[in-house]
Each structure stands twice: as C-alpha cells, then as structure tokens.
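Here are a few notes to help you find your way around this one. Have the structure open while you read.

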Amino acid sequence: MAEPRGLVIGIDKYKSVGELDGAVNDARDIADALRTVGVKDLTVLFDEQVTRKAVLDGWDGMMKRTRPGDTLFFTYAGHGGEEPELVKGSEETGKDQVLLFPLFDPRTENNAERLIDNEIALMLKPLPRQGVTMMMDACHSGTMPAGSIPGT
C-alpha cells in the first residue's frame, strides 16, 4: 500500500546570517497538517537540528523506505541565497540557488552547510515527478530544483 512520507525543515536561528521569525512556526504548521492527513513517516528538523548531514540522512532514510506509489513531501522554511554556479554553464544566470542551514557562514569559502539547487535535482532524479511535493519558503527558491544538470 502506498505511503506518504515527509521531511520538514524550519530554521529561525542562524549563526552568521540574520535570524528569522516565523519559519519554524510555518514548518510546525506544515508538519501538523501532514500528520492530520495521515503522514506517519515524518522527519521534522528545526533550528540547530538542521545540518547538512541531518538533512541528507533524513532524505536518504526516507528514500530507503520509499516504495513505488509512495508520495514524498520535502518542505523548507528558512534563508535562501545565490552563489556563483559550481558547474560552469549549468545556470542561465550564472548562479546556483541555495538553501542555507544554521551553521552556514558566508565568510567561509566553500561552506558546506547549505544545499545547492543542482543537488536537490539529483536527489529527485530517481523519483517520478508526480510522486514528490516540494515547498520552499526562502529567497531565491523560485527555480529550485529547476537548475540544469549537465547530462540529464
């Protein structure tokens, strides 16, 4: 039997970028709504729980439990940003869009505490598009995960 599964992220508190007010509340509301409609397999990460490792582990765990016909939800409420594209020529604008995690520090070159649009597209690649719902409440998230990936 098909199952709905979700990964819900909400971040208000950041180490090196301005704090937000309401992203965690929004994520809590989304998690509550998903539970109300029967989502039992739900990973919820707030503030300091959100690290690159925790997000990728949450996604990987959900993928291992996913079977054909399941519906996946990925939601993010927090800071977003742009940075020079990692794969030259992969973005019309020359910039990748990123989701920022609490330990992200823009003064640290190649700070890994973020998720890049091309990475999100790769995470989604093995899944049928009709089986995934993504909601991003972040600046510069309008094209996620539409960033092009060479060879796909």
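1. Let's begin with a single contact: the side chain of Glu-85 reaches the backbone nitrogen of Glu-91 at 2.9 Å. Keep in mind that this is a predicted model.

2. Where does Glu-85 sit? Look in the loop between β4 (80-84) and β5. Leaving aside residues up to four places away in sequence, Glu-85 touches Ser-90, Glu-91, Gly-94, Lys-95 and Asp-96.

3. Is Glu-85 buried or exposed? Glu-85 is buried, and yet it has no salt bridge. The nearest side chain of opposite charge belongs to Lys-88, 5.2 Å away. A salt bridge needs the nitrogen and the carboxyl oxygen within 4 Å, so at 5.2 Å Lys-88 doesn't make one with Glu-85.

4. Now for the sheet. Its 4 strands come in the order β2-β1-β3-β7, the sheet is open and the pairing is parallel. On the edges you'll find β2 (41-46) and β7 (132-137), each pairing on one side only. Neighbouring strands are turned by 5° against each other on average, ignoring direction.

5. Take β1 (residues 4-10) and β3 (residues 71-77): they run parallel, joined by 7 bridges. If you want one pair to look at, Leu-7 has Phe-74 in β3 as its bridge partner.

6. Two helices are worth a look. Helix α2 (residues 52-65) lies across β1, β2 and β3, and runs at about 175° to β1. Helix α3 (residues 117-124) is mostly covered, with 6 of its 8 residues buried; among them are Ile-120, Met-123 and Leu-124. The cover over the buried residues of α3 includes α2, β5 (95-100), β6 (114-116) and β7.

Note on methods: Residues numbered from 1 in each chain as written. Predicted model: local features only at pLDDT ≥ 70, side-chain atom pairs only at ≥ 80, totals over all residues. Heavy atoms only, no water. Pairing = 2+ DSSP bridges. Axes fitted to C-alpha atoms, helices over the stretch in contact; angles between N-to-C directions. Contact = heavy atoms within 4.5 Å. Buried < 20%, exposed > 50% of the residue type's maximum accessible area, 1.4 Å probe, protein only. Lys, Arg positive; Asp, Glu negative; His and termini not counted. Polar contact = N/O pair within 3.5 Å; in protein donor to acceptor, adjacent residues only side chain to side chain.
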